[in-house]
Amino acid sequence: MKEINPYIFETSIKLTETIPLNVYLVKGEKELFLIDSGIKSMHRDLMDSITKVGGKLKAIMHTHSHHDHIGGNAQLIEETGCQIIAPQTHAHWHYDWDAHYSEFARTFPDIFADTAELREEVFSIMDAPHQVDHFCKEGDVYASENGVTLACWMFSGHLLEEAGWYESKTQTLILGDVVTLLDAPFIHGHLTVQGYRDSLLKLEKFLDKKPVQQILMAHFSPMSPVEFKALIERATQYLDTIERTIINQLKKAPLDLKTLWQQTCDALGKAREFRSLSTVNAHIKDLQAKKKVSINFEQKIEYHGP
Ligand SMILES: [Zn+2]
């Protein structure tokens, strides 16, 4: 466990050599809040952190409901009686694991077969299905008597709905995956391009308007506002690069989604896996809305532009 400041503590593991997974514990007067629960193997470390910091775990405030953010919930509910608070849109992923699997990993079942390996990848890091007690929405504030507060700010992009939590006493913004991994060997994934762009602008405005000392994220080291603004800029360029790469493939010839996804991954040097397929599909929907592409009678995507 690492102390970020006197009221926020980080428990961390390595998901891969280069990708950390950080879970943040926030200390109220007598009660504690976790921002996400990580994966199921982090349980003992999280319980140790709770014991060291001292107090009762009141709730797990989720950023979003991906398997690597809700994986330890059932054990924590069992051991502490904590409540589960999460954005509504994907909240059924907590208890309906079939939906979690099909909506997350098999949006295109013809391209991604139901295999033991895929099930293992999605399910093996979660402990057990569980209920969500409350849905969070923008403007919700959970306040403790010691002045620690957690205010909910909603974003989209990586998922259709994701919460960020602002702690005002320490002026800390705690995020999940609103800003996705940009340098991973795979495309971390986004389901709405415009949502992602809007969220990056919202974060920039947030930094301009609110006092922020530090930004904490699930898969990045803590950042200063200056460092985080540079990350926002890189994320904007990342979206532009993916869009440009997709258009470059389509300029050569109309392509079906599977071929476009494969060529785009290869051109970007990213793995061909399900997150990148959902992402390429999101870009196609975005380009369709902007009337830059259409789907022809052969189900191929055609580019209309210079
Ligand atoms: Zn995620």
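## Helix packing and two domains

In this predicted model, the axes of helix 8 (residues 257-268) and helix 9 (residues 274-289) come within 10 Å and cross at roughly 110°. Angles of 65 to 115 degrees count as roughly perpendicular, so that is the label for helix 8 against helix 9. As for the hand of the crossing, helix 8 passes helix 9 in a right-handed way. On the helix 8 side the contact uses L257, L260, W261, T264 and C265, and helix 9 answers with S276, L277, V280, N281 and I284. Sort those residues by type and you get seven nonpolar, three polar and no charged.

Helix 9 also has helix 7 (residues 225-252) as a partner, at an angle of about 80° and with the axes 11 Å apart. Helix 7 and helix 9 are therefore roughly perpendicular too. From helix 7 come I242, E243 and I246, and they meet T279, V280 and H283 of helix 9. The split here is three nonpolar, two polar and one charged. V280 is worth a look on screen: it turns up in the contact with helix 8 and again in the one with helix 7.

Now go back along the chain to helix 6 (residues 193-209), which packs against helix 7 at about 160°, the axes being 10 Å apart. Anything over 145 degrees counts as roughly antiparallel, so helix 6 and helix 7 get that description. Helix 6 passes helix 7 in a left-handed crossing. Helix 6 brings V193, Y196, R197, L200, L203, E204 and L207 to the contact, while helix 7 supplies P225, F228, K229, I232, A235, T236 and L239. By type, the residues of this contact are ten nonpolar, one polar and three charged.

Here are the three pairs side by side:

| Helix pair | Crossing angle | Axis separation |
|---|---|---|
| Helix 8 and helix 9 | roughly 110° | within 10 Å |
| Helix 7 and helix 9 | about 80° | 11 Å |
| Helix 6 and helix 7 | about 160° | 10 Å |

Zooming out, the domain assignment divides the chain into domain 1 (2-236) and domain 2 (245-303). How many residues does each domain put into the contact? Domain 1 gives 15 residues and domain 2 gives 13 residues. The side of domain 1 that touches domain 2 has nine nonpolar residues, six polar ones and no charged ones. Taken over C-alpha atoms, the centres of domain 1 and domain 2 are 29 Å apart.

Definitions and conventions. Residues numbered from 1 in each chain as written. Predicted model: local features only at pLDDT ≥ 70, side-chain atom pairs only at ≥ 80, totals over all residues. Axes fitted to C-alpha atoms, helices over the stretch in contact; angles between N-to-C directions. Helix = DSSP H or I, 4+ residues; strand = E, 2+ residues; numbered from the N terminus. Parallel < 35°, antiparallel > 145°, perpendicular 65-115°, else oblique. Left-handed = near helix turned anticlockwise from the far one by under 90°. Contact = placed C-beta atoms within 7 Å. Nonpolar A, V, L, I, M, F, W, Y, C, P; charged D, E, K, R; others polar. Domains from an automatic or database assignment.
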